[in-house]
Amino acid sequence: MVVLNNSWDDILKDEFAGENYQKIRKVLKYEYSHCTVYPDMYDIFNALKYTDYHDVRAVILGQDPYHGPGQAHGRAFSVQRGVPAPPSLVNIYQEIADDLGIAPPQHGCLESWAKGGVLLLNTALTVRARQANSHRDIGWEVFTDSIIKKISLFKSGVVFLLWGANARSKAKLIDKDKHLVLECAHPSPLSAYNGFFGCGHFKKTNEYLIKMGKQPIDWSVQ
């Protein structure tokens, strides 16, 4: 039984009880007992635990967790304190500095964003060590697509930041008449210069939220 201790428990109760999640559980039971899997099993749903459904004002979609030791802790692009910020996160910090004049922090833990209304959701919530995308096809995308659809259907005025092909493929799940969808290249060093740098998404997010009468996001990392 998954207990998130917030409004997601009721919103996702059918998902957790459904056949797809039961299939995921069976796979994870084997994987965690036979392989090294990230994040720690108690951190899998941290994105939901730290950002209540009612508090979501922005959604940043990642692909799957970091697959190196000590990095992943259940939030897209975020790493645990004491772990060097990965290159994609370094580029995110650089764009925030260029866009808003906020100096990059000294760590890569984005917990303050999560607590401040940014849902940091990977489309797959687990991964085998050093095997990117290894859990992509075990049912996670059905589960996380449902989360995206529920936010789109039942909320309004949310900003979805879709970086890279995997995230941008989810745009079709979002009602663009009710929400703002911002798309560009992934912040990875391989693609950041193809449209991520200079995208201005952080300023655009806050301008939209203010226009909708909502509190802007504090993009400084505490």
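Biologist: Where is the place of proline 39?

Modeller: This is a predicted model, and in it proline 39 sits in the loop between strand E1 (37-38) and H4. The peptide bond leading into that proline, from tyrosine 38, is cis, with omega near -5°. Most peptide bonds are trans.

Biologist: H4 comes up there, so let's stay with it. Why is tyrosine 50 called partly exposed?

Modeller: Tyrosine 50 belongs to helix H4 (residues 46-50). Its relative accessibility is 33%. Buried means under 20% and exposed means over 50%, so at 33% tyrosine 50 counts as partly exposed.

Biologist: What does tyrosine 50 touch, not counting residues up to four places away in sequence?

Modeller: Arg75, Glu111, Ala114 and Lys115. Serine 112 is worth a look too: 62 residues separate tyrosine 50 from serine 112 in sequence, while their C-alpha atoms are 9.3 Å apart in space.

Biologist: Now histidine 201. What makes histidine 201 count as buried?

Modeller: The cut-off for buried is under 20% relative accessible area. Histidine 201 comes in at 3%, so it counts as buried. You'll find it in helix H9 (residues 201-211).

Biologist: Which residues is histidine 201 in contact with, leaving aside its neighbours within four places in sequence?

Modeller: Asp99, Leu161, Trp163, Leu182, Glu183 and Cys184. With tryptophan 163 there is also a polar contact between the two side chains, at 3.0 Å.

Biologist: How do you know that the contact joining the side chains of histidine 201 and tryptophan 163 is polar?

Modeller: A polar contact takes a pair of N or O atoms within 3.5 Å, one able to donate a hydrogen and the other to accept it. The side chains of histidine 201 and tryptophan 163 are joined by such a contact at 3.0 Å.

Biologist: Why are H5 and H9 called oblique to each other?

Modeller: The axes of helix H5 (residues 87-100) and H9 come within 8 Å and cross at roughly 60°. Roughly parallel needs an angle under 35 degrees, and roughly perpendicular runs from 65 to 115. The crossing of H5 and H9 fits neither, so the two helices are oblique.

Biologist: Which residues in H5 meet which in H9?

Modeller: On the H5 side, Ile92, Glu95, Ile96, Asp99 and Leu100; on the H9 side, His201, Phe202 and Lys203. Sorted by class, this contact has four nonpolar, one polar and three charged residues.

Biologist: What about the backbone of arginine 130?

Modeller: Arginine 130 has a positive phi of about 60°, although it is not a glycine. Most residues other than glycine have a negative phi. Asparagine 133 has a positive phi as well, near 65°. Arginine 130 lies in the loop between strand E4 (127-128) and helix H7 (136-154), and asparagine 133 is in the loop between E4 and H7 too.

Biologist: Why is arginine 130 called exposed, and why is asparagine 133 called partly exposed?

Modeller: Exposed means over 50%. Arginine 130 has a relative accessible area of 61%, so it is exposed. Asparagine 133 has 32%, which lies between the two cut-offs, so it is partly exposed.

Biologist: Stepping back, how do you know that the chain agrees with a compact globule?

Modeller: For 222 residues, a compact globule would have a radius of gyration near 17 Å; the chain has 17 Å, so it agrees. Buried residues make up 55% of the chain, which has nine helices and six strands.

Key:
Residues are numbered from 1 along each chain as its sequence is written. This is a predicted model: local features need pLDDT of at least 70, side-chain atom pairs count only at pLDDT 80 or more; totals for chains, interfaces and linings use all residues. Side-chain values use heavy atoms; hydrogens and water are left out. Helices (H or I, at least four residues) and strands (E, at least two) are DSSP runs, numbered from the N terminus. Buried means under 20% relative accessible area, exposed over 50%, partly exposed in between (1.4 Å probe, protein chains only). Contact means heavy atoms within 4.5 Å. Axes are lines fitted to C-alpha atoms, for helices over the stretch in contact, and angles run from 0 to 180 degrees between N-to-C directions. Angles under 35 degrees count as roughly parallel, over 145 as roughly antiparallel, 65 to 115 as roughly perpendicular and the rest as oblique. Ala, Val, Leu, Ile, Met, Phe, Trp, Tyr, Cys and Pro count as nonpolar, Asp, Glu, Lys and Arg as charged, and the others, Gly among them, as polar. The radius of gyration is taken over C-alpha atoms; the globule rule is 2.2 Å times the number of residues to the power 0.38.
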